[in-house]
Each structure stands twice: as C-alpha cells, then as structure tokens.
Amino acid sequence: MTGLKEYLFERMKKGTIHLTLLDPDPEKLSEEKAKEIAVKMKEAGSDAFMIGGSTGVTSENLGAAAKAVRTASGLPAIYFPSNPRAVTSEVDGMFFMSILNSTDPLYISHGHAMVAPYVAKLGIETIPMAYIIIEPGMTVARVTKAKCVGHDDIDTAVGYALAAEMLGMQLVYLEAGSGADRPVSPEMISAVKKAIHVPLIIGGGIRTPEAAERARKAGADAIVTGTFVEQCSDENVLRSVVHAAKGI
Ligand code: 1GP
C-alpha cells in the first residue's frame, strides 16, 4: 500500500470519504466481531478504519483490533489515540492529534512527548491533526477536560481551525462526541471549511443517511461513524449511510 496520508488525501481529492471508528476494548468488540464489521463496512464502501476509544485502550487490544480489520478487509487501520501508553505497529499509521480545546496538557502535547519515542522506534506514520471538541462532547470531552465549543459558536470553531492550520496541522477534526444526540451543524462545517485549506473530518452522532448527507454537502472531506456501525446489523442501512456520506 502507499503511505496512509497519500491514500487518504488522494481519496479526499476525489470526494468525501467514510471512516469507520471501532473501539478496541474487548468488552465491547471481540476479534470475531471486528472481522465481521470490517468485511461488512468494506462492502458498504467505507474507506478506512479508525481504531480508538476514550477508555480501556491498551497496546494489546489496539494491535489485535487493527490486525483483525486489516486482515479481514484489506483496508487501512488508523490509530485514533487517546492513551499515550498505548501504541502498536499493527496500524498503517496514526492521527497524531492534539486536542486544541482540552484544558489538560496531557492531551495537548504532554502525552505526545511520552509516546513519540515509541512511535519513532516502531516507524509508525503520523499525520498531524487538530481535534476540536464541540458540544455535547460526550465522554471524550469529559475524559480530556475539554472546554467544549458551543454547538452554535461558529466563530470559536473557526478560530481553532485557523489556529490548527497556522500550527501546521494537516487535518482538522470537528468532534461532537461519540453517541452525541446532535452532530456538528452544517453551518459550522461550512464556515470552518471555507476558512481552512486542509481536509476537514466530521464525527459524532452521525447515524442516518440524512445526517451524513448534510455533513457532506456542508463541506466535510471525511465523515466518521462509530456507534451506529457497532449497533446496526442491517447491511442495507449501513450501506445507505456510507453512500450518503460519500455522495455515491
Ligand atoms: C467519535 O466521531 C466519532 O470519536 C464517532 O461518533 O460514535 O457517534 O458515530 P459516533
């Protein structure tokens, strides 16, 4: 495979992509289930898997989940980190992400200093990414002590996204939180998209074709779904959300 960044950016040049988020905590995801989801989501048209969760991630369960989805689907597995003590070479690369509106230095840069030597030693490809948590923010906001951007506070979201670009981040991720009852608004997506030149990832609370389509039409370059994929077993419904995200 080409490098992870090249793979993702080439696809995003052609249109919005879909990323499937899986939580590797074995209490939530067995290896068999990971493989089953991987095959289903590849068939549905998803472009890559993100592996991560706010709690319970270890190097072992991360490695096992990444290996399972890569083997079963042939698609890339991206580490979506939360725990600076967990790292694995079983991924194709990682989003090396700073939570810009966290109030805990661990999630802004201190955790990065802890994990960077291991990432370098293992030769893992990193893509620098800004992660900005929008209300309601859910578990990730609580765990990372984020000062959430208000759902309607477009100026603050634009400010963070511009700062991200000025800091050299190559991706911006607006996150409403896993399981959010309302995703990032189309108005916020479109204002942020207009302000920046790097690809924009949108996630949190997207579980219908309509919500996916709204995010794509507003300017998302990548749309992430997690909870919905874990809960839905109907392949037609999974496909309808992925297709709406991608506009195919
Ligand atoms: C969470 O953006 C992702 O980090 C996905 O959210 O689980 O609500 O799809 P959902």
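I looked up the buried residues of helix α4 in this predicted model: Tyr107, Gly111, His112, Val115 and Val119. Buried means under 20% relative accessible area, with a 1.4 Å probe and protein chains only. Helices are DSSP runs of H or I with at least four residues, and strands are runs of E with at least two, numbered from the N terminus. An α-helix has 3.6 residues a turn, so residues three or four places apart point the same way.

Next I checked what these buried residues pack against: β4 (93–99), β5 (126–133) and α5 (138–143). Contact here is heavy atoms within 4.5 Å.

I then compared spans. The 18 residues of α4 (105–122) should cover 26 Å at 1.5 Å a residue, and the end C-alpha atoms are 24 Å apart, which agrees. The expected span is 1.5 Å times one less than the number of residues.

I noted a bend of about 40° at Gly111, the angle between axes fitted to the seven residues ending there and the seven starting there. Gly123 follows α4 and has a positive phi, near 70°.

I turned to the ligand and its polar contacts (pairs of N or O atoms within 3.5 Å). A polar side-chain atom of Glu175 is 2.4 Å from a ligand oxygen. For Tyr173, a side-chain N or O atom is 2.8 Å from an oxygen of the ligand.

Settings, for the record: residues are numbered from 1 along each chain, and side-chain values use heavy atoms, without hydrogens or water. Local features need pLDDT of at least 70 and side-chain atom pairs 80 or more, while totals for chains, interfaces and linings use all residues.

Terms used. Buried means under 20% relative accessible area, exposed over 50%, partly exposed in between (1.4 Å probe, protein chains only). A polar contact is a pair of N or O atoms within 3.5 Å; within protein, one must be able to donate a hydrogen and the other to accept it, and residues adjacent in sequence count only if both atoms are side-chain atoms.
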